[in-house]
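Could you walk me through this structure in plain language? I am new to it and would like a guided tour.

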Amino acid sequence: MGPGARKSPRRHSAVQPPETAVDFRFKVCLLGEAGVGKSSLVARYVLNQFTERYSPSIGARMLKKEIRVGTPEGDVNVVLLIWDVMGEKTLADLLKDAYFGGSQGILGVADLSRPDTIEELPGWISAAQSVAGPVPVVLLGNKNDLHPSIESTESFVALAERSSTPCWLTSAKTGENVETAFQMAAAAILGRYRTDRRSGPSRPIPASASQT
Ligand SMILES: Nc1nc2c(ncn2[C@@H]2O[C@H](COP(=O)(O)OP(=O)(O)O)[C@@H](O)[C@H]2O)c(=O)[nH]1
Ligand SMILES: [Mg+2]
């Protein structure tokens with residue numbers, strides 16, 4: 001805040017984390033078909049907002065959120081750089097190197113009320129991993145507030161089980177499991193990083209090495 005900036009009395013302290021040293025910065029990407037709720041999940045998670053209005057994302061945008069993640073040696077401060085891309089396949093294909101490149105984690109989103117969006121997820125994930133490598137994935141079955149059919153929920157969970165991927169039923173509208181899903185992605189990335197560091201060459205993802 002520059003000189004003369006006034007403190008807004010309406011500012012919520014919950015979305016203004018205290019300034020602390022950042023231990024890690026992780027780039028995570030959301031992917032999935034258009035309209036599944038990627039932008040809404042980010043808005044819920046970072047801004048605690050939701051709107052019924054649909055404004056298709058143009059290009060990609062990035063929002064940051066600072067969180068704490070537990071490790072056996074204690075909590076660390078992590079900044080998540082959350083990339084939200086448009087769901088337009090042809091464009092996504094053109095931009096996929098820029099979008100997925102350097103990602104340390106993937107959130108794959110399906111709309112439980114549209115079974116086709118579940119079927120499309122593996123394609124999105126392999127496209128992302130072909131660029132980013134075998135980074136951790138968490139699957140989100142979104143719009144759970146719409147009371148999706150049991151068949152569709154089961155097919156989503158079956159997909160997650162087939163690919164040994166953790167999954168959550170979420171709602172950007174009610175906030176159900178949104179925080180948990182992002183937190184789990186961060187923990188999985190951190191776990192992978194720690195394992196990699198023990199067993200081989202480390203990838204340069206501590207905060208000092210990937211400034212944004
Ligand atoms: N009922 C409900 N609607 C949602 C939810 N998430 C997103 N939407 C709505 O679905 C539409 C598409 O969401 P959006 O986040 O733009 O999807 P994106 O294209 O994947 O980014 C918007 O009208 C949102 O209001 C949810 O969890 N529940
Ligand atoms: Mg969007």
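Strands β4 and β5 (residues 137-142) run side by side in the parallel sense, joined over 6 bridges. One of the residue pairs here is V109 of β4 with L140, its bridge partner in β5. Please keep in mind as we go that this is a predicted model. Strand β4 also has a parallel partnership with β1 (residues 24-31), this time over 4 bridges. There, L31 has G108 of β4 as its bridge partner.

With those partners in view, let us look at β4 itself. Because 7 of the 7 residues in this strand (residues 105-111) are buried, β4 is largely enclosed by the rest of the structure. In a regular strand the side chains alternate between the two faces of the sheet. You can follow this along β4: G105, L107, V109 and D111 point one way, while I106, G108 and A110 point the other way, and all of them are buried. The two residues from the bridges above appear here on opposite sides, V109 in one set and G108 in the other.

Next comes helix α5, which covers residues 150-162. A helix of 13 residues, at 1.5 Å a residue, should span 18 Å, and the end C-alpha atoms of α5 are 18 Å apart, which agrees. Which residues of α5 are buried? They are F156, L159 and A160. Looking down the axis of α5, you would find its buried residues within an arc of 100°, so they line one face of the helix. The spacing in sequence helps here: an α-helix has 3.6 residues a turn, so residues three or four places apart point the same way. Turned away from the buried side of α5 is a face with the exposed residues I150, E151, E154, A158, E161 and R162.

What lies over the buried residues of α5? The cover includes β4, α3 (115-119), α4 (121-132), β5 and β6 (167-169). So the strands from the start of our tour return here, since both β4 and β5 are part of that cover. Helix α3 offers a closer look at the neighbourhood of α5, through its residue P115. P115 counts as partly exposed because it has 16 C-beta neighbours inside 10 Å. Leaving out residues up to four places away in sequence, P115 touches S152 and S155. P115 and F156 are 41 residues apart in sequence, but their C-alpha atoms are 8.4 Å apart in space.

Follow the chain past the end of α5 and you come to S164, in the loop between α5 and β6. Most residues other than glycine have a negative phi, and most peptide bonds are trans. S164 has a positive phi of about 50° although it is not a glycine. This residue is exposed, with 7 other C-beta atoms within 10 Å. N177, in the loop between β6 and α6 (178-199), also has a positive phi, near 60°, without being a glycine. N177 is partly exposed, with 19 other C-beta atoms within 10 Å.

Another stop is helix α1 (residues 38-47), together with ligand 1. The shell around ligand 1 holds 20 residues, and the closest are G37, K38, S39, S40 and Y54. Helix α1 supplies the largest share of this shell, with 3 residues. Sorted by class, the shell has 6 nonpolar, 9 polar and 5 charged residues. Is α1 itself mostly covered or mostly open? Mostly covered, with 7 of its 10 residues buried. Those buried residues are K38, S39, S40, L41, V42, R44 and Y45. Just after α1 comes N48, with a positive phi of about 55°.

Finally, step back to the protein chain as a whole, which has 6 helices and 6 strands. Along the sequence they follow the pattern β-α-β-β-α-β-α-α-β-α-β-α. Of the 212 residues in the protein chain, 35% are buried. Among contacts between residues at least 6 apart in sequence, 75% join residues at least 24 apart.

Key. Residues are numbered from 1 along each chain as its sequence is written. Chains are lettered from A and ligands numbered from 1 in the order in which they are written. This is a predicted model: local features need pLDDT of at least 70, side-chain atom pairs count only at pLDDT 80 or more; totals for chains, interfaces and linings use all residues. A residue is near a molecule or strand if its C-beta atom, placed from the backbone, lies within 6 Å of it. Ala, Val, Leu, Ile, Met, Phe, Trp, Tyr, Cys and Pro count as nonpolar, Asp, Glu, Lys and Arg as charged, and the others, Gly among them, as polar. A residue is buried if 20 or more other C-beta atoms lie within 10 Å of its own, exposed if 12 or fewer, and partly exposed in between; C-beta atoms are placed from the backbone. Two strands pair if DSSP finds at least two bridges between them. The expected span of a helix is 1.5 Å times one less than its number of residues. The arc is that of the directions from the helix axis to the C-beta atoms. Two residues are in contact if their C-beta atoms, placed from the backbone, lie within 7 Å.
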